[in-house]
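Here are some notes for a first reading of this model, set out as numbered points. Please keep the sequence and the structure open beside them.

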Amino acid sequence: MTVARKTIGERLAQLEAQRKTLQIRLSKQERAIDTRRKVLLGALVLHRLENDRDVQFAGGIAEWLRRELPKFLTRDGDRDLFDDLLKRQANEPSLGNIGNGSAAS
């Protein structure tokens with residue numbers, strides 16, 4: 001009984017398929033890491049806005065967000081998520097319940 005050997009072309013095709021599969025897996029992993037970083041950074045900002053006793057610091061973040069978010073957010077639905085923050089005045093000592101607070105735990 002003879003074992004059929006794969007041609008070089010067949011072996012290259014198999015390696016290319018494996019490379020594509022690994023590239024997809026790497027891209028998925030990189031997106032997951034990027035998303036996790038964004039969630040944690042957002043949780044930190046929200047936590048500081050909600051709980052920071054340094055009103056000047058929290059007010060500075062809030063003012064910066066009021067200035068930058070409208071330029072950054074392009075969809076109405078995204079703007080609606082930050083409506084409570086964007087409409088508040090900078091001199092308000094508390095920014096209230098922004099988000100649900102669970103991500104900052």
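1. Helices here are DSSP runs of H or I with at least four residues, strands are runs of E with at least two, and both are numbered from the N terminus. On that basis the protein chain has four helices and zero strands, and, read along the sequence, it follows the pattern α-α-α-α. Please bear in mind throughout that this is a predicted model.

2. For the chain as a whole, 13% of the 105 residues count as buried. Among contacts between residues at least 6 apart in sequence, 37% join residues at least 24 apart.

3. How do helix 1 and helix 2 lie relative to each other? Two packed helices are described by the angle between their axes and the distance between the axes. In this model the axes of helix 1 (residues 8–51) and helix 2 come within 8 Å and cross at roughly 125°. Since angles over 145 degrees would count as roughly antiparallel and 65 to 115 as roughly perpendicular, the two helices are therefore oblique to each other. Their crossing is left-handed.

4. Where the two helices meet, helix 1 contributes Val-45, Arg-48 and Leu-49, while helix 2 contributes Phe-57, Ala-58, Ile-61, Ala-62 and Leu-65. Sorted by class, this contact has seven nonpolar residues, one charged residue and no polar ones.

5. Which residues make up the largest nonpolar core? There are seven of them, namely Leu-49, Ile-61, Ala-62, Leu-65, Leu-69, Leu-73 and Leu-85. Helix 2 (residues 55–72) supplies the largest share of this core, with four residues. In soluble globular proteins, nonpolar side chains tend to be buried together. Leu-73, one of the core residues, touches Asp-78, Arg-79 and Phe-82, when residues up to four places away in sequence are not counted.

6. Glu-63 is also worth finding in the view, and its place is in helix 2. With a relative accessible area of 33%, Glu-63 is partly exposed, because this class lies between the buried limit of 20% and the exposed limit of 50%. Glu-63 and Leu-86 are 23 residues apart in sequence, and their C-alpha atoms are 8.9 Å apart in space.

Key:
Residues are numbered from 1 along each chain as its sequence is written. This is a predicted model: local features need pLDDT of at least 70, side-chain atom pairs count only at pLDDT 80 or more; totals for chains, interfaces and linings use all residues. Side-chain values use heavy atoms; hydrogens and water are left out. A nonpolar core is a set of buried Ala, Val, Leu, Ile, Met, Phe, Trp, Tyr and Cys residues joined through side-chain atoms within 4.5 Å. Buried means under 20% relative accessible area, exposed over 50%, partly exposed in between (1.4 Å probe, protein chains only). Contact means heavy atoms within 4.5 Å. Axes are lines fitted to C-alpha atoms, for helices over the stretch in contact, and angles run from 0 to 180 degrees between N-to-C directions. Angles under 35 degrees count as roughly parallel, over 145 as roughly antiparallel, 65 to 115 as roughly perpendicular and the rest as oblique. A crossing is left-handed if the near helix is turned anticlockwise from the far one by less than a right angle, and right-handed if clockwise. Ala, Val, Leu, Ile, Met, Phe, Trp, Tyr, Cys and Pro count as nonpolar, Asp, Glu, Lys and Arg as charged, and the others, Gly among them, as polar.
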